[in-house]
Amino acid sequence: MEFAVLGPLHVSADAQPLPLGGGKQRTLLAELICHAGRAVSRSILIEALWGQTPPRTAADNLRLYVHQLRRTLGGDRITRTSAGYGLSIRPEELDADRFETLAEQGRAALAAGDHERAAALLRRSLELWRGPAYAELNLTAGLRDHAHRLEEVRLTALENRIEADLARGMHAALIAELSGLVAEHPLRDRPRTQLMLALARSGRQAEALATYQDARRLFAAELGLDPGAELRHLHQAILTGTLPVDTSTTPSGDISPAQLPTGISDFTGREDQLAQLTGLLGKEPPPGPGPVRVCVITGMGGVGKTTLAVHAAHRIARHYPDGQLHANLHGAEACPSDPTQVLAAFLTALGTPRSTLPETTEERAAFFRSRLAERRMLIVLDNAASEEQVRPLLPGTSGCAVIITSRIRLTGLSGAPLIELSVLPPKQAVQLLSRIAGAGRVAAEAKAAAEIVRLSDCIPLAVRVAGARLAARPHWPLTHLARQLTDERRRLDRFTTGDLAVRASLALSYVGLDHETCRAFRLLGSLDVPDFAGWVAGALLDLPVAAGEELVEALVDAQLVLISGTDPAGQPRYRFHDLVRLYARERSELEDEPEIVAAALGRAFGAWLALAEHATQKVPGTSSAIIHGTAPRWSSPDETPWEGLAEQDPMAWFDTERPALVASIRQACSLGLAEVAWDMACCVERYFDVCGQFDDWRALHEGVLDACRRAGNRLGEAMILRGLMHATTWMETGGEAMAAQFDGAEQLIAMFSELGERRGLSDAYVLRAWGEAARGDMTQGLRSGRIALSLAEGSGHLGGEARAHVCMAVAYGTRQIRMAIVHLLRGLELAEKLGNPRFEATALQFLGLAHAHAREFEAGLQYLSRALAIYRQFRDPLLEAMGLVALAKLYAVHHDPRARAAAEAAEALSRSHHLAHHTADALWVLGEVDLAEGRISEAVTHLEESVRLWRTRGWQEFLAGALASLADAYTAAGDLAAAAQACREAGALAGIHTDQMRQPTQSR
């Protein structure tokens, strides 16, 4: 869409004009354009439309006009906030913004002496004017002020363009235009000065002097003043014949230009890249004809491309005695340099009179190659936009060398080595900060310096700005700046000093993107994820996955997104630098409606949920019911399959996607999206379980539980509580874990009953049965197990049936070992039918233990060996620890010397994963083995720690057994009082003779 105010108000979409309605509607639109990007209060708009005496219906009429404008412009253009109405316009959509941008670029080119570029830019800026600004409107005070300011900028741009043309020797051609400008604005000094100069340089000195006399009389009559100093000095120079010679058309012969910018004294790092550049270009060219040597330095804005190019160029300049040429090609700006103008500047620098320059780009390029054919020159082309821009500027022979910098990779330049710059390593970034801010200050506050560098993302421009701010404020401690930078919303503001600004550098890359890629950049930046796959952009923008991946690759080409690696399927992963992400969010706040961002995030979360849902079904878990909520899932609009790795290798997919999933879940919680958060969190449970990541599991679920409770989401709360109970069952929780398991199961039973969720209710009764078994209450444990079994059978929950049989076997325990084996065999049969090898291994492990207690060594060993093989296949530390403990018990019962090694391996694995239950069990076995081997002191140590851990677990039968073993150890150590105390406590817990409680080990 294009908005034009430099003349009559005009709006078009896809080059077709839009109807703007009557005068008041047009005035309203003009006011909103004048304040684009900012909210305009309703009172100001009402005054603009009706003046000081608005009708009573003004507010209603205003809403009607806004509604009509929204219909014309599109619903997302005009927003309403508590502050008023605002119009969203991108800078390139408004002719006034484009005009001012071009005018400023032209002014800068003029100041730099690039007259060709200045004239072209300024001419383009002035061509945007179609008449007075806001013509044909009844101007309000605000519009009138804006129109006056734009007119002043227009006159200055016109004067600058004339000055550039004068510098190009176009004196005679400008006289008519300047005469008209002086007549139109007789009191402006500059046009009259330019007219005098044009006349004098055209051999019309008398008319030039007469122009001065006219000015003298007019200024005296109108202002009571003499002409300004510049006019007076020019008048004197013409009178005395001391006007400087015009060199714009004066031939100067062959010269050796030395145009390299000044190098910097604090250049830091880049040793490898510098060596590569000097190795390729810093040596004698090979004899005979050959291609020009070209190196391309590429990287994101602010990463130090120009600094490296200039530093390398100075280092190798001595190898190019015929001179050095340099041009800023403005490739990251809205109007890159025209190679035709750059060639004119290069040829002029080489001594070619401007009046003899060929007209076309092709002719100038050929002439340029001819001029350099016998020369050895170094050319630095900074900030290139494209291969097309660069090719005409390349010499044709190997005697010359070219260093090109660009944010684009320029892979189309055949044979040109590509040097990709990333951010500095942290140590070098600190070194750069030290060179700018002062070595003593940085050394004295090394920790704060490291933090500043980290918050700078190690981007050289950001580090340089931070160092410059510190250098300008010697009274600041480094900790002060570090604290300032921790505020994300102000961080980009802090990275500005003088003419250095990280935000401005990033903006140059951003404004060069097309509309859809800009949207992708902003919305990707709104995610909290550390990295992401290409499909995420498709979800955010609701585009086909392939289209989203293309947009991300476009951002990679623009150096706004980095490739962070590949997933196991070979698909790339991407990430932002933190400062780039902050810039993306800043742009989103300015350009995107909150509702649009919220909808995009919802689609992205829905996409992660859809993939996690696919993946979790293929991860062998605990056989708890997979229960989902109502959060919408996203799928590619073109319906192409995109599940990929989530389907092919779900564990590898979770390995890759885990950081992004966890960050998305937490972000969804912070946004109040509890429904999608709990569903995603539950999808990750099986992965956490298999990998033994119980601390991460608990931390994630605790946050989601809070979000569900805040939202009143009862199903989510119940599901997350169930997951938390699984996560903490075997961990070091600091309390009686199995007692907490029983209490939690009671709460779950109430919640799932309220919700009518029978599968979840079956799982809750299984958890209660475990808690009752831990308390030694076989009767209640069996009752809960039977209820769980009935619920599972009635709801088609096959996994619940298998779990119910196993928990009933645990309730029977060693007291009715044959009944336990019957239930375990049924649980094994159901696990095999379910196709869940991990739960199959659980049943096998319990069968191994049961046969160990029944003194059936071979059967027990067979079952445990099968279980361990499955555990190791799934890299499951929890179940592998359980299997090793079970194997150690089997060996110990049968006096097998392998018991110690198995128990020690189980202890080490359990400790490393904070599995208190299995650590206690392994120590119990080790204590019994120590006693059998006469290692009394070690036995006491192992058994005391085992008892201490069992007290935190709340499993009475195991605690009683460990106490009985400890009593034996105290007796062997001669501490009869301690032995009696341990024996009494064991008996009280068990309610039976303590020798019946010695469960895991050898009888002595």
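Strands S7 and S8 pair in the parallel sense, with five bridges between them; a pair here needs at least two bridges found by DSSP, and helices (H or I, at least four residues) and strands (E, at least two) are DSSP runs numbered from the N terminus. Within this pairing, Leu 325 has Ile 379 of S8 as its bridge partner. Strands of a sheet pair through backbone hydrogen bonds, either parallel or antiparallel. The model is a predicted one, so local features need pLDDT of at least 70 and side-chain atom pairs count only at pLDDT 80 or more, while totals for chains, interfaces and linings use all residues. Residues are numbered from 1 along each chain as its sequence is written, and side-chain values use heavy atoms, with hydrogens and water left out.

S7 and S8 belong to an open sheet of five strands, ordered S7-S8-S9-S6-S10 and paired in parallel. S7 (324-328) and S10 (418-420) sit at the edges, each pairing on one side only. On average, neighbouring strands of the sheet are turned by 15° against each other, direction ignored; axes are lines fitted to C-alpha atoms, for helices over the stretch in contact, and angles run from 0 to 180 degrees between N-to-C directions. Edge position or not, S7 has four of its five residues buried, so it is largely enclosed by the rest of the structure. Buried means under 20% relative accessible area, exposed means over 50%, and partly exposed is in between (1.4 Å probe, protein chains only).

Further along the sheet, S6 (residues 293-298) and S9 (residues 401-406) run parallel and are joined by six bridges. Ile 297 stands opposite Thr 405 of S9. Helix H12 (residues 305-316) lies across S6, S8 (378-384) and S9, at about 165° to S9.

Two loop residues have backbone angles worth a look. His 330, in the loop between S7 and helix H13 (339-349), has a positive phi of about 55° although it is not a glycine. It counts as buried, at 16% relative accessibility. Cys 458 also has a positive phi, of about 60°, and is not a glycine either. Its place is the loop between helix H18 (446-455) and helix H19 (460-472), and it is buried at 9% relative accessibility.

Now for the packing. The largest nonpolar core holds 238 residues, with Leu 540, Trp 608 and Val 704 touching the most other members; such a core is a set of buried Ala, Val, Leu, Ile, Met, Phe, Trp, Tyr and Cys residues joined through side-chain atoms within 4.5 Å. Helix H30 (residues 674-691) gives the most to this core, 13 residues. Another core lies apart from it, with 72 residues that include Leu 9, Leu 102, Ala 157 and Ala 198. Back in the largest core, Val 704 touches Ile 665, Cys 669, Ala 677, Trp 678, Ala 681 and Ile 720, leaving out residues up to four places away in sequence; contact means heavy atoms within 4.5 Å.

A charged side chain gets its share of partners too. Glu 591, in helix H26 (residues 578-591), is buried, with a relative accessible area of 17%. Its side chain makes polar contacts with the side chains of Arg 587, at 2.8 Å, and Arg 522, at 3.1 Å. A polar contact is a pair of N or O atoms within 3.5 Å; within protein, one must be able to donate a hydrogen and the other to accept it, and residues adjacent in sequence count only if both atoms are side-chain atoms. Neighbours within four places in sequence aside, Glu 591 is in contact with Ser 88, Arg 90, Tyr 510 and Arg 522.

Ala 699, in helix H31 (residues 694-711), is partly exposed, with a relative accessible area of 40%. Its C-alpha atom is separated by 27 Å from that of Leu 523, 176 residues away along the chain.

As for the whole protein chain, it has 45 helices and 15 strands. Its radius of gyration is 40 Å, well over the 30 Å that the globule rule gives for 1004 residues, so the chain is more spread out than a compact globule. The radius is taken over C-alpha atoms, and the rule is 2.2 Å times the number of residues to the power 0.38. The C-alpha trace spans about 130 × 85 × 55 Å along its principal axes. Buried residues make up 56% of the 1004. Among contacts with a separation of 6 or more, 69% are between residues 24 or more positions apart.
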